Amino acid sequence: MPTPHIAAENGEIAPLVLMPGDPKRAQRIASDFLTDAKLVSDVRGIMAFTGTYEGHPMSVMASGMGIPSVSIYAMELYTQYDVKRIVRVGTCGAISRDVAVRDVVVATAAHTNSSVATLLVPGINLSLTPSYALLRGAMDAADAAGANVHAGPVYCSDHFYLDRPDIVPALAKLGTLAVEMESSGLYAAALRTGREALTVLTVSDHLFDPSGDMTSDERETSFAAMVKIAATALVS
Ligand code: HPA
């Protein structure tokens with residue numbers, strides 16, 4: 001069962017997976033939110049842990065950064081480990097004036113400049129969207145989580161550094177909430193395999209208001225709210 005990128009044996013990854021970008025976050029989520037978490041893979045430092053969440057088997061595995069990286073792990077989890085649901089938990093830069101640093105954003109769609117939206121069906125720009133069941137589970141959980149939660153489209157960029165200052169304001173004008181770099185790859189992998197995916201994000205910075213950086217306490221509170229929403233959606 002091990003793949004070129006995941007060393008876990010058959011049955012060592014749960015059908016429900018939380019997926020942060022950062023391997024250290026994966027370790028932290030496993031120790032703070034899962035019971036009896038055990039390391040099952042660490043190829044390239046991409047740690048995967050499996051334990052239980054409120055009695056449900058659940059894994060947490062990092063995606064690394066960017067659409068190619070998340071696409072590799074999500075495709076291998078869905079096709080080789082029979083994973084049913086992946087919820088990405090990560091950070092984003094807010095681009096909407098209605099969204100503040102430390103708010104939570106649930107990505108109802110992923111606009112993208114990646115070829116992942118155009119390669120799968122010739123001549124078509126695919127709408128990359130999450131599982132409605134996971135989205136509903138997340139929004140039901142959001143009320144209880146004690147965070148300001150926004151649901152709407154995000155911009156999933158192939159470039160962190162791109163000298164095109166026109167793109168983000170144009171997307172903001174069209175109601176896009178935030179920018180990040182993985183959700184379109186994850187949503188495409190789920191669509192390709194008939195499985196489920198969702199992205200839940202905390203706002204780490206605001207592209208039009210750099211004054212509002214989070215304190216470390218705020219970062220922790222908002223991180224915990226995001227993980228709780230994501231884990232509750234996974235078991236819903
Ligand atoms: N750009 C892309 N991804 C991000 C950002 C950003 O400004 N902030 C957090 N993730």
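Trainee: Which residues surround the ligand?

Mentor: Thr 91, Cys 92, Gly 93, Phe 160, Val 179, Glu 180, Met 181, Ser 204, Asp 205 and Leu 207. Each counts because one of its heavy atoms lies within 4 Å of the ligand. This is a predicted model: local features need pLDDT of at least 70, side-chain atom pairs need 80 or more, and totals for chains, interfaces and linings use all residues. Numbering starts from 1 along each chain as its sequence is written, and side-chain values use heavy atoms, without hydrogens and water.

Trainee: What makes Asp 205 a polar contact of the ligand?

Mentor: A polar contact is a pair of N or O atoms within 3.5 Å. A side-chain N or O atom of Asp 205 is 3.1 Å from a ligand nitrogen, so the pair qualifies. Gly 93 qualifies too: a backbone N or O atom lies 3.3 Å from a nitrogen of the ligand.

Trainee: How much of the ligand is covered?

Mentor: The protein covers 83% of the 260 Å² of accessible area that the ligand has on its own (Shrake-Rupley method, 1.4 Å probe).

Trainee: Why are two shell residues called charged?

Mentor: Asp, Glu, Lys and Arg count as charged. The shell holds Glu 180 and Asp 205, so both fit. Five others are nonpolar and three are polar.

Trainee: How do you know that β2 and β3 pair?

Mentor: Strands are DSSP runs (E, at least two residues). Two strands pair if DSSP finds at least two bridges between them. Four bridges join β2 (residues 35-41) to β3 (residues 48-53), so they pair, and they run antiparallel. Ser 41 stands opposite Ala 48 in β3.

Methods. A polar contact is a pair of N or O atoms within 3.5 Å; within protein, one must be able to donate a hydrogen and the other to accept it, and residues adjacent in sequence count only if both atoms are side-chain atoms.
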